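Dear colleague,

Please find below the structure that I am handing over to you. I would be grateful if you could keep it open while reading the notes that come after it.

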Amino acid sequence: MNLILFGPPGCGKGTQAKKLVEGRGMVQLSTGDMLRAAIAAGSELGLKVKDIMARGDLVPDEIVIALIEERLPEAEASGGAIFDGFPRTVAQAQALDAMLEGRGKRIDRIIRLLVDEAELLARVTGRFEQQGRPDDNPETFKTRLAAYNAQTAPLLPYYERTGRTREVDGMGTMDEVAAAIAASLDEVQA
Ligand code: AMP
């Protein structure tokens, strides 16, 4: 099964993806994690994206599409992929559909995590204080949220057309949200 965890920065995509990896043997494909690893390694890719990410802007589509394409076989060989932070633009979503179609697969479920903006800001600020991720500072968070609203939220109608989108209240505890996601996935597999 291939799943997209969808929602703004701080809505819990990464946390919930990790729970699904533990529980279901799926593979988390987080483009944000891949890009941060490239920056930490000081690779050519890392150098290219460092300033863009520090500003809170989106990196070019072709970069993230290539990162995902590279990892699809591995995800397919396990329980499927959890796309976390990808796709973020309509072009990325179209590329993902084409890549999956070429492999005889599709996105089986899109879960939209609903969290209000005050809570997002509180979570990201907390993460900034604990982990020191530069783009979690409150100013950059505003840019990231604006990028979400302008470039990523328009994907919702794209996926709603498939009838495979479900909304989950992301304001509850980590375990409550995980239980709601699990119920939505069991419905796919039933
Ligand atoms: P994330 O960890 O998903 O919040 O991503 C952190 C940052 O990495 C974003 O603010 C973007 O600069 C970049 N990024 C991650 N995924 C993507 C994507 N799918 N498209 C464009 N930029 C991305």
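The notes below treat two helices, a loop residue and the ligand in turn.

Please bear in mind that this is a predicted model.

I begin with helix α9, which comprises residues 174-189. At 1.5 Å a residue, its 16 residues should span 22 Å, and the C-alpha atoms at its ends lie 23 Å apart, which agrees. Which residues of α9 are buried? They are V177, I181, S184 and L185. These residues cover an arc of only 100 degrees around the axis, which puts them on the same side of α9. An α-helix has 3.6 residues a turn, so residues three or four places apart point the same way. On the other side of α9, the residues D175, E176 and Q189 are exposed. As for partners, the buried residues of α9 pack against two strands named β1 (3-6) and β4 (109-114), and also against α1 (13-24) and β5 (165-169).

Helix α3, residues 44-55, may be read in a similar manner. Its buried residues are G46, V49, I52 and M53. Viewed down the axis of α3, they fall within an arc of 140 degrees, so they line one face of the helix. The face turned away from this buried side carries E44, L47, K48 and D51, which are exposed. The buried residues of α3 pack against α2 (31-41) and α4 (61-77). After α3 comes G56, which has a positive phi, near 90 degrees.

The loop between α2 and α3 contains G42. Is G42 buried, partly exposed or exposed? With a relative accessible area of 48%, G42 is partly exposed, because a residue counts as exposed only when this value is over 50%. G42 and E119 are 77 residues apart in sequence, and their C-alpha atoms are 33 Å apart in space.

Finally, I turn to the ligand. It is surrounded by 16 residues, of which the closest are T31, R36, D57, R88 and Q92. A nitrogen atom of the ligand lies 2.8 Å from an N or O atom in the side chain of T31. An oxygen atom of the ligand lies 2.9 Å from an N or O atom in the side chain of R36. At D57 the partner is a polar backbone atom, 2.5 Å from an oxygen atom of the ligand. Taken alone, the ligand exposes 480 Å², and the protein buries 96% of that.

Yours sincerely,
A colleague

Technical notes: Residues are numbered from 1 along each chain as its sequence is written. This is a predicted model: local features need pLDDT of at least 70, side-chain atom pairs count only at pLDDT 80 or more; totals for chains, interfaces and linings use all residues. Side-chain values use heavy atoms; hydrogens and water are left out. Helices (H or I, at least four residues) and strands (E, at least two) are DSSP runs, numbered from the N terminus. The expected span of a helix is 1.5 Å times one less than its number of residues. Buried means under 20% relative accessible area, exposed over 50%, partly exposed in between (1.4 Å probe, protein chains only). The arc is that of the directions from the helix axis to the C-beta atoms. Contact means heavy atoms within 4.5 Å. A residue is near a molecule or strand if one of its heavy atoms lies within 4 Å of it. A polar contact is a pair of N or O atoms within 3.5 Å; within protein, one must be able to donate a hydrogen and the other to accept it, and residues adjacent in sequence count only if both atoms are side-chain atoms. Accessible areas come from the Shrake-Rupley method with a 1.4 Å probe; for residues, only the protein chains shown count as cover.
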